[in-house]
Amino acid sequence: MTKTVLTVDDSRTMRDMLRMALEDAGYNVIQAVDGIDGLEVLAANAADIIITDINMPRMDGFGVIEGVRADPNHRHTPVLVLTTESDAEKKARARAAGATGWIVKPFDPVKLVDAVRRVAA
């Protein structure tokens, strides 16, 4: 069965790169342009894995993680943070909010797919 990945990123280029890497690896990809859109897309679609940026307008990635964890249907859905941030304090905050893992941009498509496969297992 094909797994579905929700990507939440305000950069069109980043969304396109994520879609290409994930679809090439056999995943179904649904996308959102910011945190609020991400939670709305998630409410309307089933996602097996979520990849979110941290720095976005309207609602940041921390808000996305908290929103996902507050929803009983997605409490255990893996959430990977994909960001330019490498700050230990932000990583700790993301982990505390319920993030499953952390990937730093620019990402290596092979490593990204490996991380998705690991959390999807």
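**Exercise 1. Which residues does Arg69 touch, not counting residues up to four places away in sequence?**

A word on the model before we start: it is predicted, so local features need pLDDT of at least 70, side-chain atom pairs count only at pLDDT 80 or more, and totals for chains, interfaces and linings use all residues. Residues are numbered from 1 along each chain as its sequence is written, and side-chain values use heavy atoms, with hydrogens and water left out.

*Step 1.* Find Arg69 in helix α3, residues 61–70 (helices are DSSP runs of H or I with at least four residues, strands are runs of E with at least two, both numbered from the N terminus).

*Step 2.* Look for contacts, meaning heavy atoms within 4.5 Å. Arg69 touches His74, Arg75, His76, Thr77, Pro78, Val79, Ala97, Gly98 and Thr100.

**Exercise 2. Find the nearest side chain of opposite charge to Arg69.**

*Step 1.* Sort the charges: Lys and Arg count as positive, Asp and Glu as negative, while His and the chain ends are not counted.

*Step 2.* The nearest candidate is Asp71, 9.6 Å away. A salt bridge needs a side-chain nitrogen of Lys or Arg within 4 Å of a carboxyl oxygen of Asp or Glu. Arg69 therefore has no salt bridge, although Arg69 is buried (buried is under 20% relative accessible area, exposed over 50%, partly exposed in between, with a 1.4 Å probe and protein chains only).

**Exercise 3. Trace the salt-bridge network around Lys105.**

*Step 1.* Start with the total: the model has four salt bridges.

*Step 2.* One of them joins Asp9 to Lys105, with the closest N and O atoms 2.9 Å apart. Asp9 lies in the loop between β1 (4–8) and α1 (12–24), and Lys105 in the loop between β5 (101–104) and α5 (109–120), 96 residues apart. Asp9 counts as buried because its relative accessibility is 1%; Lys105, at 14%, is buried too.

*Step 3.* Lys105 also meets Asp53, at 3.5 Å from N to O. Asp53 sits in the loop between β3 and α3, 52 residues from Lys105, and both are buried.

*Step 4.* Put the pieces together: shared partners join Asp9, Asp53 and Lys105 into one network.

**Exercise 4. Is each partner in the salt bridge of Asp34 and Arg58 buried or exposed?**

*Step 1.* Their side chains meet at 2.7 Å, N to O. Asp34 is in the loop between β2 (28–32) and α2 (35–44), and Arg58 in the loop between β3 (49–52) and α3.

*Step 2.* Asp34 is buried because its relative accessible area is 6%, whereas Arg58 is exposed, at 59%.
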